[in-house]
Amino acid sequence: MVSNAAQQQIPEGYKQTEIGVFPEDWGLTQISKISHVVDSLHLTPTFSVDGYAMVRVADIKSGYLNLKTTLKVSDGVFKEFTRNYQPKKDDIVLSRVGSYGVSSYVNTDEEFCMGQNTVVIHSKISSKYLYYMLNSVATWQQIEDGSYGSGYKSLSLKNINELHIPLAKEKEQTAISNALSDVDALITSLEKLIAKKRAIKTAAMQQLLTGKKRLPPFDQTHTGYKQTELGEIPEDWEVVELEKLAHVRTGSMNNQDKVEDGVYPFYVRSQNVERINSYSYECEAILVPGEGNIGNIFHYVNGRFDAHQRVYVIRQFDEECSAKYIFYYMNETFGRHAMENSVKATVDSLRLPTFLGYKLAKPERLEEQMAIAAVLTDMDKEIKEVKQRLNKTQQLKQGMMQELLTGKTRLITKTTS
């Protein structure tokens, strides 16, 4: 029963349902009545080097289904796993176990089959509309309520078939799907742009940090190359150990020192930057975690900050050395050096000598180091700007979904079609 107070809060033209408030001209139905839900075989497949893609729970992520990274199965296994139903373009695939309730939209004609703990939903209405509804707040609440298991939660086929779906009229379904699809297309284009810019930056780093490409005016004075322990580098470059270029020590703070509304950045053992109300450093520095995801996380900072006791602080750089250049050089080559020289234990870790003995190639002239760092910094800025646009677009989509999938914003007024 809905209370009188709750009834009074329902806007005119809307109605209270068991899963929320929706337009009074919308229906409410179960997935089983608007689609055919096909369970996967409860068998462990044998994988092959090549063949047909098999979609497992790990392959199902929100958005379009990506078959590029799936495992493969032979023709025989494919036929066995598609004997009940072969997934098609415009179907929806959904995970039942682990990351349960996650769905992907099939936007490809490529043949594939489904692995264990997954289902295929073949919609009888607009499949895009049903896909977006499966990702709505109202449906996710039902998924959470219907999941079972104390640790490794899952959904039963019965849970999925009984999910309630708000049902707009056909024209409005199409309008909602088109609006959200347009935003998805923009998100996809921004993701591709970020990937492209990252690939360009990676190629630029490989060329600039080895001297294979020289920036003007330094390309005019280039005479040739020489062989070193780091490979071939320009004759006017040098190989030098990090301990000769900077001071390296760990921080002194612990996790309990961080505060939610801290004034200063606090660098911990992850990509995250926490906050703290004290600062031990006021300088230009490179921060590298000494354990965990070693060799893959680097922070550059210039100002007041503090650091965890398992984070190495590289600072007090030689006056003929660009800290930003070293930052980019370490991003490119330190990971391999770290893995080769880590202390193997439950959690891999790095010791001070690994940093001090790390060797890098650099131009002898500070101006060339700074020029290389400036080019890569500009590329990072471009990537950051696109990522910010992507984040805003994703937030816009979430807001649109909340408005459109509840009928709070109507793209089409009441219709009987």
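Which residue in β19 does Pro 265 stand opposite? I looked this up at the start, keeping in mind that the model is predicted, and I found that Pro 265 stands opposite Arg 275.

**Entry 1: the sheet**

I then followed the two strands concerned, and I noted that β18, residues 264-267, pairs with β19 in the antiparallel sense over four bridges. Stepping back, I saw that six strands form an open sheet with mixed pairing, and I wrote their order as β17-β22-β20-β21-β18-β19. The edge strands are β17 (247-250) and β19 (273-276), each of which pairs on one side only, and I recorded a twist that averages 55° from one strand to the next. For my own reminder, strands of a sheet pair through backbone hydrogen bonds, and they do so either parallel or antiparallel.

**Entry 2: helix α8 and the sheet**

I looked next for what lies across this sheet, and found that α8 lies across β20 (281-289), β21 (299-307) and β22 (311-315), while running at about 5° to β20.

Within α8, which spans residues 323-340, I picked out Asn 331. Is Asn 331 buried or partly exposed? I put Asn 331 down as partly exposed, because its relative accessible area is 34%, which falls between the 20% limit for buried and the 50% limit for exposed. The side chain of Asn 331 reaches the backbone oxygen of Phe 327 at 2.9 Å. Leaving aside neighbours within four places in sequence, I found Asn 331 in contact with Met 205 and Phe 298. I also checked Ile 297, which is 34 residues from Asn 331 in sequence, and the C-alpha to C-alpha separation in space is 8.0 Å.

**Entry 3: the nonpolar cores**

Which element gives the most to the largest nonpolar core? I found that this core has 39 residues and that α8 gives the most to it, with nine residues. The residues with the most contacts inside this core are Ile 314, Ile 326, Met 330, Phe 334, Phe 355 and Leu 376. The elements that give two or more residues include α7 (170-208), β16 (237-241), β20, β22 and α10.

I followed Met 330 further and, leaving aside neighbours within four places in sequence, I listed its contacts as Ile 286, Val 288, Phe 298, Ile 314, Gly 335 and Tyr 358. Apart from the largest core lies another one of 31 residues, and among them I noted Ile 19, Tyr 105, Tyr 132 and Ile 165.

**Entry 4: helix α10**

I turned to how α8 meets α10, and I noted that they pack at an angle of about 65° with their axes 8 Å apart, in a left-handed crossing. From α8 the contact is made by Lys 324, Tyr 325 and Tyr 328, and from α10 by Gln 369, Ile 372, Ala 373, Leu 376, Thr 377 and Asp 380.

In α10, residues 366-404, I also looked up Glu 368. I counted Glu 368 as buried because its relative accessibility is 3%, and the limit for buried is under 20%. Beyond neighbours within four places in sequence, Glu 368 is in contact with Arg 214, Phe 218, Trp 237 and Pro 363.

**Entry 5: helix α5**

My last residue was Gly 146, which lies in helix α5 (residues 137-146) and is partly exposed, with a relative accessible area of 23%. Not counting residues up to four places away in sequence, Gly 146 touches Ser 154, Leu 155 and Asn 159. I compared its position with that of Ile 176, 30 residues apart along the chain, and found their C-alpha atoms separated by 27 Å.

Note on methods:
Residues numbered from 1 in each chain as written. Predicted model: local features only at pLDDT ≥ 70, side-chain atom pairs only at ≥ 80, totals over all residues. Heavy atoms only, no water. Buried < 20%, exposed > 50% of the residue type's maximum accessible area, 1.4 Å probe, protein only. Contact = heavy atoms within 4.5 Å. Polar contact = N/O pair within 3.5 Å; in protein donor to acceptor, adjacent residues only side chain to side chain. Pairing = 2+ DSSP bridges. Axes fitted to C-alpha atoms, helices over the stretch in contact; angles between N-to-C directions. Core = buried A, V, L, I, M, F, W, Y, C linked by side-chain atoms within 4.5 Å. Left-handed = near helix turned anticlockwise from the far one by under 90°.
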